[in-house]
Structure formats: C-alpha cells, structure tokens
Amino acid sequence: MTGCQIDREERRPIRGGTDQLTHFPSNISSEVLKQFPDLEMNRARSIGEAADDNILDVLEGEPTNSLRESHQQPDGVEKVTNRRKKLKEIEEQIRSLTAGPLADYRREQGFRPVPGEGDPHARVMLIGEAPGAEEARTGRPFVGRAGRLLEEKLESIGLNRDRVFITNIIKDRPPGNRDPRVSEVERYAPYLDRQISIIQPEVFVTLGRFAMSYLLDRYNLPQSGRRIGELQGRQFTVQEEYGKATLIPLYHPAATFYNPALEEDLDRGFRVLRERLDRSRD
Ligand code: URA
C-alpha cells in the first residue's frame, strides 16, 4: 500500500488508475487486514466506494479473536460493534416516545421525529437545535433552507453530508419553532448521548447557542454560560469516554438569514473545521 492517497475525513478509498481500492480507512489496523487477504479486492470490486463502511460493519459484526483485541477499549467504554444497528435501535426508541408535549404536537401535526442521519463512522458530528417544519415532515435533519446552506458550507471545505453525522439536541419539532425548554433538552439528551457513544466522533460541531450550551455543560467547560459570539470558531479539547475530541461551536446557519454579516464568521469557522480535520486525532 505504498504511495496510496488517504482521504482522511471522507474515510473513503481513493481509486488508483486501475479501478482498484487503494486504501482502507485508517482505523482498520494492518493486523486486521492481514487476516482478510482477499477482502480488499473483492469488496472493492463489488461495492465500490462504500467498501470501507461495509468492511467496518462486517468486521465489527463478526469479530475474530485478534480483531477483538484490536477493538479493545478502556474499562467502562462500550465496545462499538454494529454501529448502524445500534443507531437504528435509538431511532426506534425516539419514534416510540409517545408521552410529552413535543410527542403530542408531533402526533397532532402528523410530523415525524428526526433522530439524525449520516455516516456511523463519521469523524465529525454536527449538532443543531431542533427540527424545523421541513425536517419534521420528512424525518430528516437539516433539509430545509438552513440545511441547504449547511451543505454548501460543508462542500466548501470538501465534506459531503453523507460522510458526517448530522443530528439535533431535540429530536421533535417544538410548536411554532419556539426555543427548546430545559425539560425538553433533558428529555432528549440521553438519545444524543447514546449517538455520541456509538459514533465516537473526533470533532463535534455545534450549530447555534443551544447545542453549544449543551456540549459546554456536558464537558463541564469553564466557558459554559459564555455567549456564542465569543466562542464561535474556537476549538476546545474535550475528554470523552473513548478519548479526546474537539468541540467547535459555530453559528447556526439560519442566523445568517437574519444577520448576513455573520456569514463571514461562519465561513471562518468551517475553515477551522477543515484545518482540524487535516490534523489527525489529538
Ligand atoms: N435547524 C436545526 O437546528 N435543526 C434542523 O434539523 C433544521 C434546522
């Protein structure tokens, strides 16, 4: 595998001129690969660019002894297997939430919950506030106007939305798009916490002040309570159960609709994300 290119944040193989898979995601150890000599070619031919994800799922689903070793985690940290399946289970739990004001509102309006979506092996998790009307109609996060701007900003730094994980702190739309209440943040927090432990992202990008506050509090950062204008675009190292991660608070894309001057800061924040991804895990 000499001379191959690695598209790190995309975790995708970069194809050589021979249409062969030239690289595996960096988190599969060479020990693992030695046990699957034919995997590279077979997988690459049959499933092309999705190969790396599928290989990860195959490997995670059927661990051999040495694979188990390679995935060993410190005590108390959940071993991450079958991420896709575990994320699906959380989606089901969110769908079956029937008590509470937001679930009642969801039912009355014929809305859907919005658990989040994206790459189960994403390096980046983007966390917004709560679904808007378009999101609640489709069950998908950031698909309205703010979502289109978000996709544009991601693409401007070479990231596709399929390769990150996008979610919200609140998984149902609040009536009239009002601000989330503390009780609602508390109600949905366990689902976000589970998504974090399953995906184990290297970088958290919060979009807007509610998601920023939730994460600052989650990590007991001394900046908790500070205004988003002071913290946006900065990087904070946080200690997760699975290792260190970076938190980058950004303005919510919708904030630029009301105050176009914020777009420059938002762009600068996305460049900070790009630079962070160009470094390996701290
Ligand atoms: N705004 C959010 O915070 N989340 C969405 O999913 C859409 C808009």
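The questions below ask how terms are applied to a predicted model. Local features need pLDDT of at least 70 and side-chain atom pairs count only at pLDDT 80 or more, while totals for chains, interfaces and linings use all residues. Residues are numbered from 1 along each chain as its sequence is written, and side-chain values use heavy atoms, with hydrogens and water left out.

Q: Why is Phe142 called buried?
A: Buried means under 20% relative accessible area, exposed over 50%, and partly exposed in between (1.4 Å probe, protein chains only). Phe142 has a relative accessible area of 4%, so Phe142 is buried.

Q: Why does Gln200 count as buried?
A: The relative accessibility of Gln200 is 10%, and therefore Gln200 counts as buried.

Q: Why is Asp267 called partly exposed?
A: Asp267 has a relative accessible area of 25%, so Asp267 is partly exposed. Asp267 belongs to helix α13 (residues 262-278); helices (H or I, at least four residues) and strands (E, at least two) are DSSP runs, numbered from the N terminus. Ile157 is 110 residues from Asp267 in sequence, but their C-alpha atoms are 9.4 Å apart.

Q: What makes the phi of Phe142 worth stating?
A: Phe142 is not a glycine, yet its phi is positive, at about 50°. Phe142 sits in the loop between α7 (133-138) and α8 (145-156). Gln200 also has a positive phi of about 50° and is not a glycine; its place is the loop between α9 (182-199) and β6 (203-207).

Q: Which residues are around the ligand, and what makes a residue count?
A: A residue is near a molecule if one of its heavy atoms lies within 4 Å of it. The residues around the ligand are Gly128, Glu129, Ala130, Pro131, Gly132, Glu135, Pro141, Phe142, Asn168 and His252.

Q: How do you know that His252 makes a polar contact with the ligand?
A: A polar contact with the ligand is a pair of N or O atoms within 3.5 Å. A polar side-chain atom of His252 lies 2.8 Å from a ligand oxygen atom, so the pair is a polar contact. For Glu129, a backbone N or O atom is 2.8 Å from an oxygen atom of the ligand. For Phe142, a polar backbone atom is 3.0 Å from a ligand oxygen atom. The protein covers 92% of the 240 Å² of accessible area that the ligand has on its own (Shrake-Rupley method, 1.4 Å probe).

Conventions: Polar contact = N/O pair within 3.5 Å; in protein donor to acceptor, adjacent residues only side chain to side chain.
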